[in-house]
Amino acid sequence: MSNYHIKHLEEYYQVYRKSVRNPEAFWEEIAEEHFVWRKRWDNVLSWDFSKPEIKWFEGAQLNITENCLDRHIPTRGNKTAIIFEPNDPKEEAEYITYRQLHERVCKMANVLLEKGIKKGDRVCIYLPMIPELAISVLACARIGAIHSVVFAGFSSNALATRINDSDCKLAITSDGSYRGSKTIDLKGIVDKALEACPGIENVLVAKRINSTIEMVPDRDHWLQPLLDEAYGDNVAEIMDAEDPLFILYTSGSTGRPKGMVHTTAGYMVYTAYTFKNIFQYREHDVYWCTADIGWITGHSYIVYGPLANGATTVMFEGVPSYPDYGRFWEVVQKHKVTQFYTAPTAIRALAKENLEFVEKYDLSSLKVLGSVGEPINEEAWHWYNNNVGKKNSPIVDTWWQTETGGIMISPIPYVTPTTPTYATLPFIGIQPALMDENAEEIKGNQVEGRLCIKFPWPSIARTIWGNHERYRDTYFTAYENMYFTGDGALRDAVGYYRITGRVDDVIIVSGHNLGTAPIEDSINEHPAVAESAIVGFPHDVKGNALYGYVILKETGEGRDKNNLRKEINQQITEQIGPIAKLDKIQFVSGLPKTRSGKIMRRILRKIASNDTSNLGDTSTLLNPEIVQEIMDNAL
Ligand code: PRX
């Protein structure tokens, strides 16, 4: 029996038991048989969640790009590695073979070396979904530089914070990007960010929209001429198993974004293994994940997981609504996509449109449908199952996080019977636990609690860049000897897990994690604002939308409220990005606070959700009278 590819439910249980009884032996076998190493490990795993310190395959040496590229060349050199599908369907798709991808990555690696980037240096990548994005990521990995991809929808402020947090030396961007019928001036955003980033020495600029942009002498360089000059081969840097591979920022409930650090060997092994099984990937399949590489889903399941398996992975530059709502399905038909992986928010948006947009296209190539990023509601699940999968393609509702690196709880298609809204069973090697308010584990089935993981898996993040204490405090102090996910979950009668949502102040809007604190900080910077509080409320497309309660200073009180609302959203757009804009803004004279001065968000959440029948005990508030006022004026 090959433990690498699970094909039956019985096999899942067998392999699962094996992976839990003796994790070291299990992962050692997977690592040994399915990857290429420069040197074998001395020790499979050492860990201590109290520090926390987690090391997988210590002593091993490797380069992840040799696993994703070089080793495929003898057998898959002419196979398509990446299909690039542009924003505009009239522009031709690009098919990049493994041999070509290897050459392009080597050239980019040589350009980075020539610009003085060395192993361990941080490189910020701020690019649209064009091939240069995947190539830049891999080129960093090739030379041992640590990539920090920032989603190219973030504002210049957010970009600057991330560049400075990890002291990036070089940035890679493009003249601009396409987004449906619009273009975005990416280089302008970078220029503005770099006014606050003295550490950036060089900026490489890919040409995408042919706009006229300013190039700062000595700092900015057009990428293509450098690539044209570069040598097409490169000796991969030899990396230790635990050398950092990348930093990826995610929002926390408080404070600055957290730069999650993922290391090399464990991340590679786990993303490759999950990709193979959770998408049941086979040699001639065409796999498409619609995420952006700026998020963890793109890192693990557009780039590293698929390429480590020698797969064909689609990179889509566009949006689901351009030129019309049939765009996803047109791409599925055009490239005969076999696995399609998207977010519930996209499904809900498309489900609102005319069914003809789906029915027009031949979707018979599809074998597996995936969902990620937020809970998928029952209606969206059925729409996806009926109209896209034609009840023939199992849906994998994959639960995981930036911090986990890879999928943690998910059905295995054609193996695990699915139930709408349930992420079902823990993946191989994953040991979940549900915890109660007394920090005791809740055993048995038909229970609900806070979701923790009891034992390390190979792709768990190892630290927060520059702040190990925050890493410990955020994930390892709530429950002793456990990784705390920040999510609530229930386990049903058959042991299936259903994720019920965040239990902290992170709100998931259209699948994007947003912390309340940074948004409140940015609102409070508006000169007319004294204080604010943000909560989420249910939204039929975004999952959650943001509701802001704002107290004005005296100077703001006489002002036009709609103008103020616009200015507040403009402020958020500039400081964080348009994804964090508020749907509703209510001006209030006070916020409900506990006697210790903490905002009672529970009450604000209920008012925002129009669910005020049972507000619970408000007598402990410092200012109980404010609740009625807020309710009376709720939007
Ligand atoms: O609350 C969970 C939700 O998204 C959070 C992680 O967000 P992020 O780090 O941005 O990673 C998203 C892509 C992996 C989780 O804590 N989440 C993610 N997937 C699901 C989900 N909630 C319910 N069901 C899911 N399948």
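Colleague: What's 3.1 Å from a nitrogen atom of the ligand?
Modeller: In this predicted model, that's a polar backbone atom of G373. I'm counting polar contacts, meaning N or O pairs within 3.5 Å.

Colleague: And which residue has a polar backbone atom 2.8 Å from a ligand nitrogen?
Modeller: T398. E374 also offers a polar backbone atom, at 3.4 Å from a nitrogen of the ligand.

Colleague: Which residues come nearest to the ligand?
Modeller: D397, T398, T402, D487 and R502, out of 18 around it (a heavy atom within 4 Å). So T398 is on that list and also supplies the 2.8 Å backbone pair.

Colleague: How are you filtering and numbering?
Modeller: It's a predicted model, so local features need pLDDT of at least 70 and side-chain atom pairs 80 or more, while totals for chains, interfaces and linings use all residues. Numbering runs from 1 along each chain as its sequence is written, and side-chain values use heavy atoms, without hydrogens or water.

Colleague: Switching topic, how much space is in the second largest pocket?
Modeller: About 370 Å³, taken as the space filled by 1.4 Å probe spheres on a 1 Å grid; a pocket is an open set of points with protein on both sides within 12 Å along at least five of seven lines.

Colleague: Which lining residues are closest to its centre?
Modeller: G255, P257, P518, Q575 and I576, from 20 that line it (an atom within 4 Å of a point).

Colleague: Where does that pocket lie?
Modeller: Domain 1 (9-464) and domain 2 (506-632) both give residues to its lining, so it lies between them. Those bounds come from an automatic or database assignment.

Colleague: Which elements give it two or more residues?
Modeller: α7 (156-165), β28 (512-515) and α17 (516-524), with DSSP helices of at least four residues and strands of at least two.

Note on methods. Polar contact = N/O pair within 3.5 Å; in protein donor to acceptor, adjacent residues only side chain to side chain.
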